[in-house]
Amino acid sequence: MKRREVLKVASLALLTTITSGYGATNSVMHDKVKDKSSVNNKKNPKVVVVGGGWAGLALAKHVKVFAPQSEVVLVEKRDHFVSCPMSNEWLVGLVDLEFLTHSYIDAAENNNYTFLNATAIDVDKKRDILITSEGEIAYDHLVFAVGIEYDYFNWAKDDKTLEQRLRNEYPAAFIPGSEHITLKEKIKNFKGGNFILTVPKGNYRCLAAPYERACLIADYFKHNGIDGKVIIMDESNHIRIKDKGFSSAFEELYKDRIVYMPSAEILEFDLDKKMVKTDFDEITFEDASFYPNVKAPSILEKLHMTKKTPFNRIEADIDQYTYKVKGINNIYVCGDARPMGFSKSGNTAFSEGVNVAQMIADEIHGKDPVWKSPVTTCFSLLSTKPEREISLYTEYRYTKKGGMDFKNNLTDEAWKTNGLGEAKVAYSWAESMYKNMFA
Ligand SMILES: Cc1cc2nc3c(=O)[nH]c(=O)nc-3n(C[C@H](O)[C@H](O)[C@H](O)COP(=O)(O)OP(=O)(O)OC[C@H]3O[C@@H](n4cnc5c(N)ncnc54)[C@H](O)[C@@H]3O)c2cc1C
């Protein structure tokens, strides 16, 4: 039997046993967790990772690398992966959907773990059981790498109709899926006038992406003869990242096409009149994409694993050194759901997934886990003809007070293009990351 067939059979066996219902028990799996004190002495400890994004994919792969004797299951609610990084480029036709789309089956097969296409719903912490839409699954170590959800509270409060209209009519497109398709259609069909993009306060997903998106949409309008302006309503009083690179692009490349508004917090929406109000202005728009605050996903709230931080209303409540949920020794959170002030970005989440995999492997091997810095590296395109890019590299350090600080923060904000007018490095970075997660 070929390896592909063996893995298929293994996955099927897993599914067959766990699809017997949430209340049903899987005797093979539950046997593993009867004696909690022996978790680290087990021959084949079971590591369950919820969330197949940048953090979860890195984690599932690297637990197998650092502790090959472990059994790793990746639980992901989507049946295929679509990348957010490079999706701004897809919005304006620089890359096709195939470039962004990848197979979880390939990732699992190539990296020796099991992929379970299911939604995590609950955890029985006493029995170390994860409850999913497809049944129950036992774990010795459980990691939530579940990314973010939107938090419309500051805009909509309890007005569910407004929240629903904002979600459907003006999606943020910062979580992959239909929202991106809707936004692409909006850009393509735009007839002219004001196109609003908002930038939330707090630590939102990909600090650079809203500014990059503004540049690429303005560039698209320019090259497609669309008499449109991109209005960036930034809740902060300054461009949050690569300030020099973006502000010079707004000023020199898009003087007539981008209006940057700092401290522009929307206090009122009139969606029927297509108008928003701030403290100072009333702005009408022809179309928009409203990016709200972000928060840790609701499953973590339901499990009482969240807290308020200086950055956001709802973030995961973990020990910042070990990534363990406070008070629970074998449940971790990493990636964008974490509370630390690290950039909520794919490279950061990926490197953190590798680091947490190492810490779990260390525990499995009876060693003390050692914290390592995640690495943020981020390329932003400013224009298409020629392609120009700016970039950033950051590491972090764990402070004596138990917090985080920046280390080795480097930015290159002079617009870069190679001799062929291409932003080669951005594409190569994405390709190498996809290869690392899926090949
Ligand atoms: C437009 C845009 C551009 C970006 N550009 C860059 C860039 O250039 N460079 C960069 O480094 N980063 C970039 N990012 C940021 C990057 O996409 C995120 O930081 C990264 O995806 C975070 O990884 P994660 O694993 O924490 O979360 P995610 O990638 O969101 O993964 C979380 C996964 O968990 C799954 N999940 C959630 N809940 C459950 C559940 N209950 N059960 C099962 N599965 C669940 C989700 O379906 C999802 O697949 C960009 C983002 C956007 C939106």
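This report describes the domains, the ligand shell, three helices and several individual residues of a predicted model.

## Domains and ligand

The domain assignment divides the chain into domain 1 (3–148 + 296–373) and domain 2 (153–293). Their contact takes 15 residues from domain 1 and 20 residues from domain 2. On the side of domain 1 that touches domain 2, helix 4 provides the largest share, three residues. By class, that side of domain 1 has six nonpolar, six polar and three charged residues.

The ligand lies between the two domains, because domain 1 and domain 2 both give residues to the shell around it. There are 35 residues around the ligand, of which G51, G53, C84, G147 and G335 come nearest. Two or more residues of the shell are given by each of helix 3, strand 2 (71–76), helix 4 (87–91), helix 13 and strand 22. The composition of the shell by class is 17 nonpolar, 12 polar and six charged residues.

## Helix 3

Helix 3, which is among the elements of the ligand shell, has 10 buried residues out of 13, so it is largely enclosed by the rest of the structure. The buried residues are W54, A55, G56, L57, A58, L59, A60, K61, H62 and V63. They pack against strand 1 (46–50), strand 2, helix 6, strand 9 (141–144), helix 13 and helix 14.

The end-to-end distances of helix 3 and helix 14 can be set beside the spans expected at 1.5 Å a residue.

| Helix | Residues in helix | Expected span | Distance between end C-alpha atoms |
|---|---|---|---|
| Helix 3 | 13 residues | 18 Å | 18 Å |
| Helix 14 | 15 residues | 21 Å | 21 Å |

For helix 3 the expected span and the distance agree, and for helix 14 they agree as well.

## Helices 14 and 6

Helix 14 covers residues 424–438. Its buried residues include A426, M433, Y434 and M437. These cover an arc of only 100 degrees around the axis, which puts them on the same side of helix 14. The face turned away from this buried side carries the exposed residues S428, E431, S432 and K435. Among the elements that cover the buried residues of helix 14 are helix 3 (54–66), strand 4 (101–102), helix 6 (104–111), helix 13 (346–364), strand 22 (375–384) and strand 23 (387–398).

In helix 6, the buried residues are Y104, A107, A108 and N111. Their directions fall within an arc of only 90 degrees around the axis, and therefore they are on the same side of helix 6. A general property of helices bears on this pattern: an α-helix has 3.6 residues a turn, so residues three or four places apart point the same way. Helix 6 is followed by N112, whose phi is positive, near 65 degrees.

## Backbone features in loops

Two further residues have a positive phi without being glycine. S263 has a phi of about 50 degrees and lies in the loop between strand 13 (258–261) and strand 14 (268–270). With 13 other C-beta atoms within 10 Å, S263 is partly exposed. H304 has a phi of about 60 degrees, and its place is the loop between helix 12 and strand 19 (306–307). H304 has 12 other C-beta atoms within 10 Å and is therefore exposed, since a residue counts as exposed at 12 or fewer.

A cis peptide bond joins K385 and P386, with omega at about 0 degrees. P386 is found in the loop between strand 22 and strand 23, and both of these strands are among the elements covering the buried residues of helix 14.

## A296 and D122

A296 lies in the loop between strand 18 (293–295) and helix 12 (298–302). It counts as buried because 28 C-beta neighbours lie inside 10 Å. Leaving aside residues up to four places away in sequence, A296 touches E301, T306, I314, E315, A316 and A337. A296 and D317 are 21 residues apart in sequence and 9.7 Å apart in space, C-alpha to C-alpha.

D122 belongs to strand 6 (residues 120–124). With 14 other C-beta atoms within 10 Å, D122 is partly exposed. D122 and I175 are 53 residues apart in sequence, and their C-alpha atoms are 22 Å apart in space.

Definitions and conventions:
Residues numbered from 1 in each chain as written. Predicted model: local features only at pLDDT ≥ 70, side-chain atom pairs only at ≥ 80, totals over all residues. Helix = DSSP H or I, 4+ residues; strand = E, 2+ residues; numbered from the N terminus. Expected span 1.5 Å × (residues − 1). Buried ≥ 20, exposed ≤ 12 C-beta atoms within 10 Å, placed from the backbone. Arc of directions from axis to C-beta. Contact = placed C-beta atoms within 7 Å. Near = placed C-beta within 6 Å. Nonpolar A, V, L, I, M, F, W, Y, C, P; charged D, E, K, R; others polar. Domains from an automatic or database assignment.
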